[in-house]
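This report describes the fold of one protein chain, beginning with the chain as a whole and ending with particular residues. Please keep the sequence and the structure in view while reading.

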Amino acid sequence: MTKAKKTRKFAAVKRMIAPNDARLKQVQEKAIKKQEAAKKKEVHHVDQVASSLFFKYNEALGPPFHVIIDTNFINFSIQNKLEVMKAMMDCLMAKVIVCVPECVIAEIEKLGVKYRLALKTARDPRFERLPCSHKGTYADDCIVNRVTQHRCYIVATCDKELRARIRKIPGVPIMHIGQRRYQIERLPDANSFA
């Protein structure tokens, strides 16, 4: 029988904490001071609020109302057998200018032959076409950007995510379909437009 080899033990030396170890109190205090100094140097950017807003009420809105419509709003209008212009005028009780962004028309074209009635509705000559300068055909971002820049629009959509995004923008009313008719939320009282 051979004798078992003794292996040398490495790191058998007493371990010591390095002077720059993160567990030391002095090092932690220095890191906190450094973070506070960095926060003080940061520039705070606050978006400028539109001058037409009185608290959350938008005074730029008034008859004739400009309404931007979304792809699914057109589809749901057809499903609920609602004529877009007539139903909007009944809802708002005023003249309406329906605006259709080009990316909404492109989205409907992508949906195919099944949605040809929606495409025909979107291309209605009574509707105003809004040119889009962005790339792609994603209409939600386009609508949110347009409404953020110009707060003179009402957004007509049935998309829950888009409605949630628009609710974060003050002074922009949202039109949606409920109980087989158009409903509007966050629009100031009618007597303020007189």
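Two residues are in contact when heavy atoms lie within 4.5 Å. Among contacts in this chain between residues at least 6 apart in sequence, 62% join residues at least 24 apart. The model is predicted, so local features need pLDDT of at least 70 and side-chain atom pairs count only at pLDDT 80 or more, while totals for chains, interfaces and linings use all residues. Residues are numbered from 1 along each chain as its sequence is written, and side-chain values use heavy atoms, with hydrogens and water left out.

**Overall composition**

Helices (H or I, at least four residues) and strands (E, at least two) are DSSP runs, numbered from the N terminus. The chain contains seven helices and eight strands. A residue is called buried under 20% relative accessible area, exposed over 50%, and partly exposed in between, using a 1.4 Å probe and protein chains only. By this rule, 37% of the 194 residues are buried.

**The sheet**

Strands of a sheet pair through backbone hydrogen bonds, either parallel or antiparallel. Here two strands are said to pair if DSSP finds at least two bridges between them. Six strands form an open sheet with mixed pairing, in the order S5-S4-S3-S6-S7-S8. Strand S5 (128-130) and strand S8 (181-185) stand at the edges; each has a single partner strand, so one side of each lacks a neighbour in the sheet. On average, neighbouring strands of this sheet are turned by 35° against each other, direction ignored.

Strand S6 (residues 153-156) and strand S7 (residues 174-178) run parallel and are joined by two bridges. In one, valine 155 has isoleucine 174 of S7 as its bridge partner; alanine 156 stands opposite methionine 175 in S7. How many residues of S7 are buried? Five of the five are, so S7 is largely enclosed by the rest of the structure. Ile174, His176 and Gly178 are buried on one side of S7, and Met175 and Ile177 on the other, so that both faces are covered.

**Helices against the sheet**

Axes are lines fitted to C-alpha atoms, for helices over the stretch in contact, and angles run from 0 to 180 degrees between N-to-C directions. Helix H2 (residues 71-79) lies across strand S3 (65-69), S6, S7 and S8, at about 30° to S7. Helix H7 (residues 160-167) lies across S6, S7 and S8, at about 150° to S7.

In H2, the buried residues include Thr71, Phe73 and Ser77. Serine 77 has a relative accessibility of 1%. Not counting residues up to four places away in sequence, serine 77 touches Leu82, Val84, Ile177 and Tyr182.

**Loop residues**

Two loop residues other than glycine have a positive phi, as the table shows.

| Residue | Phi | Loop | Relative accessibility |
|---|---|---|---|
| Lysine 81 | near 55° | between H2 and helix H3 (84-92) | 75%, exposed |
| Methionine 93 | about 55° | between H3 and strand S4 (96-101) | 74%, exposed |

Another loop, between strand S2 (57-58) and S3, holds proline 64. The peptide bond from proline 63 to proline 64 is cis, with omega near -5°.
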